[in-house]
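Below is a short note for a colleague who has not met this structure before, set out as numbered points. It takes up helix packing and then pockets.

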Amino acid sequence: MFEVIPAIDVLGGRLARMRAGDPSTVREHEGDPVAVAEGFVEQGARWIHFVDLDAALTGIGANRSLLSRVAGLSVNVQAGGGLTPAGAALALEAGADRAVIGAAVLDDPEALSRAIAGLGERVAIALDVLGGRVVPRGTQAPGPSLDEALLLLAGSGCVRLVHTDVSRDGALRGPDLDGLRRVLERFEGAVIASGGIRSHEDIEALRALGIEGAIVGTAIYESGFDLGGALRSRA
């Protein structure tokens, strides 16, 4: 079943957003993260994407208590934010139902395989793509090409990935439909889309591709995206 997944990004315990994986673009938003999560649940969200920006920027998670509080609501929680395999395990211990391991793990195929073998379907792998190459969140360091990364993921036993076009992340330019089609042609597991989503039309275009879900962040906080309507219309 297709899922519309609202995002909550947290920095130092406060709501925040970061554009295109660039630390210089971090900006705070008003509101209590748990109260915002409760609002998403009241609108019908079955999943929330919780991003620890402290982990993404420094490698050290600082919002685990908030993650636990959100996980205590009547909703499934997917935790992300450049998590290492160890950080993913901690997020799951804190109550997350799924953890997204950062794309930096692709530089260590053995660590990738161990994480997937140990945590199984409770983890997804982030695939942050810029100009045809993987660029781990919070860095500007290029990793493998998209095709190389997909081959690596296929061989590792990965069953789910979160694809983000970094250039569109937070930019409200629409999702990377062509890039997602390419991923779907080369990856047999589940794919969740992130980056650029701005409207119900974007949601419908993503649904038509046959992906598992779409993460919506900036559009909710900055452009009046009707989350409740999108959640009611999901298939």
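**Helix pairs and pockets**

1. The crossing of helices α7 and α8 is right-handed, and the reader should keep in mind throughout that the model is a predicted one. Helix α7 covers residues 177-186 and helix α8 covers residues 200-209, and the two pack at an angle of about 20° with their axes 11 Å apart. Because angles under 35 degrees count as roughly parallel, α7 is roughly parallel to α8.

2. As for the residues that make this contact, α7 contributes Leu177, Leu180, Arg181 and Leu184, while α8 contributes Ala205, Leu206 and Leu209. Sorted by class, the contact of α7 with α8 holds six nonpolar residues, one charged residue and no polar residue.

3. A second pair is formed by helix α4, residues 85-93, and helix α5, residues 109-119, which pack at an angle of about 20° with their axes 10 Å apart. That angle makes α4 roughly parallel to α5, and α4 passes α5 in a right-handed crossing. On the α4 side the contact is made by Pro85, Ala88, Ala89 and Leu92, and on the α5 side by Ala111, Ala115 and Leu119. The residues of the contact of α4 with α5 comprise seven nonpolar, with no polar and no charged residues.

4. The third pair to examine is α1, a helix of residues 33-42, with α3; their axes come within 10 Å and cross at roughly 25°. This makes α1 roughly parallel to α3, and the crossing of α1 and α3 is right-handed. Here Pro33, Val34 and Ala37 in α1 meet Leu66, Arg69 and Val70 in α3. By class, the contact of α1 with α3 has five nonpolar residues and one charged residue, with no polar residue.

5. Turning to the pockets, which residues lie nearest the centre of the largest pocket? They are His49, Val51, Gly81, Asp128 and Arg137, out of the 41 residues that line the largest pocket, whose volume is about 500 Å³. The elements that give two or more residues to the lining of the largest pocket include the strands β1 (3-11), β4 (47-52), β5 (76-83) and β7 (123-130), together with the helix α2 (53-58). Also among them are β6 (98-101), β9 (160-165) and β11 (213-216).

6. Within the lining of the largest pocket, β5 gives the most, with four residues. By class, the lining of the largest pocket divides into 21 nonpolar, 14 polar and six charged residues.

7. The second largest pocket has a volume of about 200 Å³ and is lined by 17 residues, of which Ala55, Gly61, Arg64, Leu83 and Gly87 lie nearest its centre. The elements that give two or more residues to the lining of the second largest pocket are β4, α3 (64-71), β5 and α4. Strand β5 gives the most to the lining of the second largest pocket, with four residues, and β5 likewise gives the most to the lining of the largest pocket. By class, the lining of the second largest pocket has eight nonpolar, seven polar and two charged residues.

8. Two of the helices discussed above appear again at the second largest pocket, and a new reader may find it useful to view them there: α3, which meets α1 through Leu66, Arg69 and Val70, and α4, which passes α5 in a right-handed crossing, are each among the elements that give two or more residues to the lining of the second largest pocket.

Methods:
Residues numbered from 1 in each chain as written. Predicted model: local features only at pLDDT ≥ 70, side-chain atom pairs only at ≥ 80, totals over all residues. Heavy atoms only, no water. Axes fitted to C-alpha atoms, helices over the stretch in contact; angles between N-to-C directions. Parallel < 35°, antiparallel > 145°, perpendicular 65-115°, else oblique. Left-handed = near helix turned anticlockwise from the far one by under 90°. Contact = heavy atoms within 4.5 Å. Nonpolar A, V, L, I, M, F, W, Y, C, P; charged D, E, K, R; others polar. 1 Å grid on protein atoms, 1.4 Å probe; cavity = no way out; pocket = protein on both sides within 12 Å on 5 of 7 lines; lining within 4 Å. Points joined across faces, edges and corners; volume = space filled by probe spheres on them.
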